[in-house]
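Q: I have a structure here and a pile of terms to go with it. Can we go through what each one rests on?

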Amino acid sequence: MKLFLIRHPQPDIEKGLCYGAMDLDLAPAWEEDAELLASWLFSRIKGTSVSFHSPLQRAAKLADFLDPESHSVDALKELDFGLWEGRLWHQIDREEIDAWSQDIVHSAPYKGESLDQVRQRVMGWWQQKYQALQHAQEMPDNVILVAHSGVIKVLVSQLCGWPLAQSHLINPGMMSVTELYLSGDFVQLNRLGAGDWLN
């Protein structure tokens, strides 16, 4: 089974804004790139597919564009940055950011979710869903998830057996596609945060 992890398009925000779990609309003309993405994606997908997405509209709109039957999943929301939400990163106290970076997995000086809490909800959902898909009468050939940078980082690091503390080194761009092949416990990473479909 192929697993495609797609990051949402650029939201309509001021550059440098910390927006995590905020429900933001998309920047204008996002559909143009979505058309290119859809053409690239569906030219490579063979067989049956099932789609899931974050309920935040920046992911939900793209998911609906790609597959109107995509399923909304609360567990796929972005990390909640709590008190930092809606603030520009350069306006956040440096000591708070340093405290977070010292233990990026468990700390949450912003009073929101820690990365480990995101891991628990994302992987809790995924493990249950993957098990159900494997035991379904007809296991899909492809699973498409439209979500957020943090969610993609968690999924990739956990499925590939990489340290969660190093997941910040993964940098999936806007509307990028990450592709994994899954067969039982076997996982192969074939594409990581790539946006070459734009070419």
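A: Sure. The chain has five helices and six strands; helices (H or I, at least four residues) and strands (E, at least two) are DSSP runs, numbered from the N terminus. Along the sequence they follow the pattern β-α-β-α-β-α-α-β-α-β-β. This is a predicted model, where local features need pLDDT of at least 70 and side-chain atom pairs count only at pLDDT 80 or more, while totals for chains, interfaces and linings use all residues. Residues are numbered from 1 along each chain as its sequence is written, and side-chain values use heavy atoms, leaving out hydrogens and water.

Q: What makes the chain as compact as a globular protein of that length?
A: Its radius of gyration is 17 Å, close to the 16 Å that the globule rule gives for 199 residues, so the chain is as compact as a globular protein of that length. The radius is taken over C-alpha atoms, and the rule is 2.2 Å times the number of residues to the power 0.38. Those C-alpha atoms fill a box of roughly 50 × 40 × 25 Å along the principal axes.

Q: Why does Cys18 count as buried, and what is Cys160 called?
A: Buried means under 20% relative accessible area, exposed means over 50%, and partly exposed is in between (1.4 Å probe, protein chains only). Cys18 has 1%, so it counts as buried. Cys160 has 23%, so it is partly exposed. Of the 199 residues of the chain, 49% count as buried.

Q: How many disulfides are there, and by what rule?
A: The rule asks for a pair of cysteine sulfur atoms within 2.5 Å, and by it the count is zero.

Q: What makes Phe81 and Trp100 an edge-to-face pair?
A: Rings of Phe, Tyr and Trp (its six-membered ring) pair if their centres lie within 6.5 Å; planes under 30 degrees apart count as stacked, over 60 as edge-to-face and the rest as tilted. The whole structure has 14 aromatic pairs. In this one, the centres of Phe81 and Trp100 are 5.7 Å apart and the planes are at 85°, which fits edge-to-face. Phe81 sits in the loop between β3 (71-72) and α3 (94-102) and Trp100 in helix α3, so the pair ties together parts that are 19 residues apart in sequence. Phe81 is at 11% relative accessibility, so it is buried, and Trp100 at 15% is buried too.

Q: Why is the pair of Trp89 and Trp100 called stacked?
A: The ring centres of Trp89 and Trp100 are 6.3 Å apart and the planes are at 15°, so the pair is stacked. Trp89 is in the loop between β3 and α3, 11 residues from Trp100 in helix α3. Trp89 has a relative accessible area of 30%, so it is partly exposed. Both tryptophans belong to one aromatic cluster with Phe81, Trp84 and Tyr110.

Q: How do you know that strand β5 is largely enclosed by the rest of the structure?
A: Just count: five of the seven residues of β5 (residues 177-183) are buried, so the strand is largely enclosed.

Q: Which strands pair with β5, and what makes them count as paired?
A: Two strands pair if DSSP finds at least two bridges between them. Five bridges join β5 to β1 (residues 2-7), running antiparallel, and the partner of Lys2 in β5 is Tyr181. Six bridges join β5 to β6 (residues 186-194), also antiparallel, and Leu182 has Val187 as its partner in β6. β5 and β6 form a hairpin with two residues between them, and Gly184 in the turn has a positive phi of about 65°.

Q: Why is Ser157 called buried, and which residues does it touch?
A: Ser157, in helix α5 (residues 149-160), has a relative accessible area of 0%, so it is buried. Contact means heavy atoms within 4.5 Å. Not counting residues up to four places away in sequence, Ser157 touches Trp162, Pro163, Leu164, Ser167 and Ile170.

Q: Which residues of helix α2 are buried, and what do they pack against?
A: In α2 (residues 57-66) the buried residues are Arg58, Ala59, Ala60, Leu62, Ala63 and Leu66. They pack against β1, α1 (30-44), β2 (49-53) and β4 (142-147).
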